[in-house]
Amino acid sequence: MEMARAWSKMMTVMILMLTSTISAKEQLSTKECEDLGFTGLALCSDCHSLSEYVKDQELVSDCLKCCADDSEDSMSKITYSGAILEVCMRKLVFYPEIVGFIEEEKQNFPTLKVEYVFNSPPKLIMLDGDDERKETIRIDNWKREHLLQYMREKVKPTSSS
C-alpha cells in the first residue's frame, strides 16, 4: 500500500514536470482545443489539479496545450476587438439571462455580433483586430451581469469619431 502511494506521488510529479514543459512549448488552436472537448477559459492550474485526480497523461497533456496562463496580470490585460455571441435560436428559451443581455445590453457593444447557429450551445467567440477567432468561452450558466462585466473588461471600446 505504501509503495502504491509513493508510486502515485512520483507519477503526479512526473506528469506535472512533463506537462509544464509541454505547455511552455506547444499550444493548440481554439478549434483543436474545442475538438478535444476543451472549451471555455481553462487555467493551467486547473490542468495541474486535474492531474491529481485523473491519471490519464494524454488528457492532462491536452489540457495544458489548451490552457491560459494563470498570471493575473497576463489574464487581465488581454482585450479583444470584438466578439460573436453564438447560440441556437431554438435553445434560447433555456437561457433567459442571455436573452435579456441580447435584448437590453447588446446595443452597448457595437463590436458584438449575435449569430444563431443550429444546435450551438451559448458561447462567446472573442476576436482580434483582424476578426480572427482567438478564444471561445462557453457561457451556458452565466448570469447577465457576469456577461456584461466580462464584455466591459475584455472588449476594447470603439473609438467614437
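Here are three short exercises on buried residues and salt bridges.

This is a predicted model, where local features need pLDDT of at least 70, side-chain atom pairs count only at pLDDT 80 or more, and totals for chains, interfaces and linings use all residues. Residues are numbered from 1 along each chain as its sequence is written, and side-chain values use heavy atoms, without hydrogens and water.

**Exercise 1.** Find the buried residues of helix 7.

Step 1. Take the cut-offs: buried is under 20% relative accessible area, exposed over 50%, partly exposed in between (1.4 Å probe, protein chains only). Helices (H or I, at least four residues) and strands (E, at least two) are DSSP runs, numbered from the N terminus.
Step 2. In helix 7 (residues 144-154), the buried residues are Leu-147, Leu-148, Tyr-150, Met-151 and Lys-154.
Step 3. Down the helix axis they fall within an arc of 165 degrees, so they line one face of helix 7. The arc is that of the directions from the axis to the C-beta atoms.

**Exercise 2.** Which parts does the salt bridge of Lys-123 and Glu-86 tie together?

Step 1. A salt bridge puts a side-chain nitrogen of Lys or Arg within 4 Å of a carboxyl oxygen of Asp or Glu. Here the N to O value is 3.5 Å.
Step 2. Lys-123 is in strand 3 (residues 123-127) and Glu-86 in strand 1 (residues 82-87), so the pair ties together parts 37 residues apart in sequence.
Step 3. Both Lys-123 and Glu-86 are buried.

**Exercise 3.** Trace the salt-bridge network that includes Arg-144.

Step 1. Arg-144 meets Glu-104 at 2.7 Å, N to O.
Step 2. Arg-144 also meets Glu-105, at 3.1 Å.
Step 3. Shared partners join Glu-104, Glu-105 and Arg-144 into one network.
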